[in-house]
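Trainee: I'd like to go through this structure with you, starting with the ligand. Could you take me through it step by step?

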Amino acid sequence: MSKAASHVDIAENVARVRERIARAAQRSGRSASDITLVAVAKVVDAERVRRAIAAGVADIGENYVQEAAAKRAEVEGDARWHMIGHLQRNKARQAAQIFDMIQTIDSQRLAEAVAQRAAAAGRSMPVLLQVNTSGEESKSGAAPADVERLLDQAGSLPGLRVEGLMTIGRWDPDPERARGEFRLLAELAKQLEQRSGLAVKWLSMGMSHDFEVAIEEGANLIRVGTGIFGPRPR
Ligand SMILES: *Cc1c(COP(=O)(O)O)cnc(C)c1O
């Protein structure tokens, strides 16, 4: 572990993030307890994940299947583990075994692969449909116009339970710049509720620097990495 990382006070960071959540929730007329904090642990070792769990975090986010599998085996405690990175179909079997939720379903073929593997493992996997709300080519996610069709396809697969939507806001030092994307995701969720009967349990949006804006726009699942574990080595 680098010296810088070992000096990060994870419990203090979690407390700070919780305060920011509470203020944003209050501004949007909601309670902090309605918002679930996912601690994003990519490149973070098991010991630091344990410290986050000891500080009260109950949800861990990972971007890579391999890394998550190794770490989950090392970390005791009953946190829920979320896949938040781009998932390749050839990793669907392992992903269906180790994760409690997969937030990044963005194509029919991926939905089918995960559904098949989850069903084979006797599970019904909670998933979110990832939407590319910014239109940036570097981002995965279904185009907003394609989400309804993806829901129709994924929603009927045994082995999957579609529980909501996920997006990544554009990166900009000014978090206000991502507000339109968060609003778009919330509007899409409403449309799907009305038109396809989707029971939207989760709106996953907002990261360390923009989660307040996301909460104001309706997020109830936020994904915070550096705000808890400190800067990642590049
Ligand atoms: C890395 C990552 C995060 C956390 O980003 P921070 O800026 O460190 O909070 C959230 N969501 C996704 C999809 C990520 O890949």
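Mentor: Gladly! One term before we start: a polar contact is a pair of N or O atoms within 3.5 Å. Keep in mind that this is a predicted model.

Trainee: How far is a polar side-chain atom of N63 from an oxygen atom of the ligand?
Mentor: A polar contact needs its N or O atoms within 3.5 Å. The side chain of N63 has a polar atom that meets this cut-off with a ligand oxygen, and their separation is 2.8 Å.

Trainee: What share of the ligand's exposed area does the protein bury?
Mentor: Start from the ligand taken alone, which exposes 390 Å². Of that area, the protein buries 90%.

Trainee: Which residue has a side-chain N or O atom 2.9 Å from a nitrogen atom of the ligand?
Mentor: The shell around the ligand includes 3 charged residues, beside 6 nonpolar and 4 polar ones. The 2.9 Å pair joins a ligand nitrogen to the side chain of R223.

Trainee: Moving on to salt bridges, which residue pairs with E12?
Mentor: Side chains of opposite charge can pair when their charged atoms come close. In helix α2 (residues 10–27), E12 has a partner 4 residues away, about one turn of the helix. The closest N and O atoms of this salt bridge are 2.7 Å apart, and the partner is R16.

Terms used:
Residues are numbered from 1 along each chain as its sequence is written. This is a predicted model: local features need pLDDT of at least 70, side-chain atom pairs count only at pLDDT 80 or more; totals for chains, interfaces and linings use all residues. Side-chain values use heavy atoms; hydrogens and water are left out. A polar contact is a pair of N or O atoms within 3.5 Å; within protein, one must be able to donate a hydrogen and the other to accept it, and residues adjacent in sequence count only if both atoms are side-chain atoms. Accessible areas come from the Shrake-Rupley method with a 1.4 Å probe; for residues, only the protein chains shown count as cover. Ala, Val, Leu, Ile, Met, Phe, Trp, Tyr, Cys and Pro count as nonpolar, Asp, Glu, Lys and Arg as charged, and the others, Gly among them, as polar. A salt bridge is a side-chain nitrogen of Lys or Arg within 4 Å of a carboxyl oxygen of Asp or Glu. Helices (H or I, at least four residues) and strands (E, at least two) are DSSP runs, numbered from the N terminus.
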